Each structure stands twice: as C-alpha cells, then as structure tokens.
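Open the model in your viewer and keep the selection tool handy. We will go from one stop to the next, and at each one you will hear what to select and what is there.

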Amino acid sequence: MKHAFLPGLIMLCNVAQAESGLGFETNRLWINAGFYSAHFETDKGLRNANPGLGFEYRVNEDWSATAGRFTNSDNGQSNYIGAFYQPWTVSGVKLGVVAGGFNGYPKAFNGGWFPALFPTASLEGQRWGLNVALVPPLKDRLYGAVSFQLKFRLQE
C-alpha cells in the first residue's frame, strides 16, 4: 500500500471522467514537488520542507483528484490521496476543502492511513499554480501548519 498513490489517482480520474463524460486531457494535469509547511509549533524540530512527487487532475471547475508521496514533518515517508472541492472563487482564488487520506506519520494511527479534511485556497495560472491548506493540529499526533504546494501544469 506504500506506493498506492499513482494507481489511486488513476482510479479517481477514471471515476470522475466516467461521471462527467470527459476524456483524459493533459492540460488538466498538474505536477508538484511536495510541500512547504509553516508549522505553528516552531520549537518541535519539525521539518518544514517536505519534498516529494504529487499529481493533481482538474476534473472540472469545482473538483480535482490528487495523490502523491512526500517526506513528512517527522522525516518519514507519507502518501496521500484525495479530492479538492473548491466551489467558490474570489478575485481569481479558488476556495474550498481537500478531503482524503494520509499515512506515514508515526504518532498518528501508528503510521497507518487516516482521513483528513483541510480548508484550501488555490491560485492557478497558465503554467504555475499554488495550493494553500490549513492543517489543524491533532493533539500530539499531527502538528498544525499552513502548507504551501507549488504546482506546474504539464501542458497549456
């Protein structure tokens, strides 16, 4: 299950396309190199730079499927899979939530998968975009942060 993010993303895209009648379009695919997390608790020795590889596929104006793998704030390897729902746009910024699952955090469910729901904002240009998520703290299991994810569209 460690490397399930890419097959999971393909599955999500296929389901979304079947529902919407869309074919796979490369101009809807974004790639990212992980996250930068500005942690609220700066005295815990947490890793702010969280390199990795992730993908996001914009299904329509409101929905995106996402999956990836990254080095988490505890220096472990984490995987994620989920969906963005961003029905509101204010001054060009898409607002909503991302819901899905994460693993690899040793203090959160013994490193196993757990559900997550984070408020998000996204700015998307022709080739570059930025996702910003508010990660709330979960006791001593998951540390709170504002997470930044720079993304690149593979084709205009």
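Start by selecting Leu 130, which sits in strand S7; strands (E, at least two residues) and helices (H or I, at least four) are DSSP runs numbered from the N terminus. Leu 130 is partly exposed, because its relative accessible area is 31% and the class partly exposed lies between buried (under 20%) and exposed (over 50%), with a 1.4 Å probe and protein chains only.

A word on the ground rules: this is a predicted model, in which local features need pLDDT of at least 70 and side-chain atom pairs count only at pLDDT 80 or more, while totals for chains, interfaces and linings use all residues. Residues are numbered from 1 along each chain as its sequence is written, and side-chain values use heavy atoms, with hydrogens and water left out.

**Stop 1: the nonpolar patch**

Now add Tyr 36, Leu 123, Trp 128, Phe 148 and Leu 150 to Leu 130: these residues form a nonpolar patch on the surface, with about 590 Å² of accessible area together. Strand S7 (128-135) and strand S8 (145-153) are the elements that give two or more residues to the patch. Patch members have over 30% relative accessible area and no salt bridge; nonpolar side chains (Val, Leu, Ile, Met, Phe, Trp, Tyr) are joined within 5 Å, and like charges within 9 Å. Areas come from the Shrake-Rupley method with a 1.4 Å probe, and for residues only the protein chains shown count as cover.

**Stop 2: the whole chain**

Zoom out and colour by secondary structure. You should find one helix and eight strands, in the order α-β-β-β-β-β-β-β-β along the sequence. Of the 156 residues, 42% are buried. The accessible surface of the chain comes to about 8300 Å², and carbon and sulfur atoms account for 63% of that. Among contacts (heavy atoms within 4.5 Å) between residues at least 6 apart in sequence, 48% join residues at least 24 apart.

**Stop 3: a salt-bridge network**

How many salt bridges does the structure hold? There are six, each a side-chain nitrogen of Lys or Arg within 4 Å of a carboxyl oxygen of Asp or Glu.

Select Glu 56 and Lys 151, whose side chains meet in a salt bridge at 3.1 Å, N to O. This pair links distant parts of the chain, Glu 56 being in strand S2 (residues 49-58) and Lys 151 in strand S8, 95 residues apart. Both Glu 56 and Lys 151 are buried.

Glu 56 also forms a salt bridge with Arg 58, with the closest N and O atoms 3.9 Å apart. Arg 58 counts as buried, at 7% relative accessibility.

From Arg 58, move on to Glu 124: their side chains meet at 2.9 Å, N to O, in another salt bridge. Here strand S2 holds Arg 58 and strand S6 (residues 114-124) holds Glu 124, 66 residues apart. Glu 124 counts as partly exposed, at 26% relative accessibility. Shared partners join Glu 56, Arg 58, Glu 124 and Lys 151 into one network.

**Stop 4: a buried lysine**

Finally, select Lys 94 in strand S5 (residues 93-102). Which side chain of opposite charge is nearest to Lys 94? Glu 61 is, at 4.1 Å, and Lys 94 is buried yet has no salt bridge. Show the backbone as well: the backbone oxygen of Glu 61 lies 2.5 Å from a polar atom of the Lys 94 side chain. Not counting residues up to four places away in sequence, Lys 94 touches several others, including Arg 58, Trp 88, Thr 120 and Glu 124.

Methods:
Lys and Arg count as positive and Asp and Glu as negative; His and the chain ends are not counted. A polar contact is a pair of N or O atoms within 3.5 Å; within protein, one must be able to donate a hydrogen and the other to accept it, and residues adjacent in sequence count only if both atoms are side-chain atoms.
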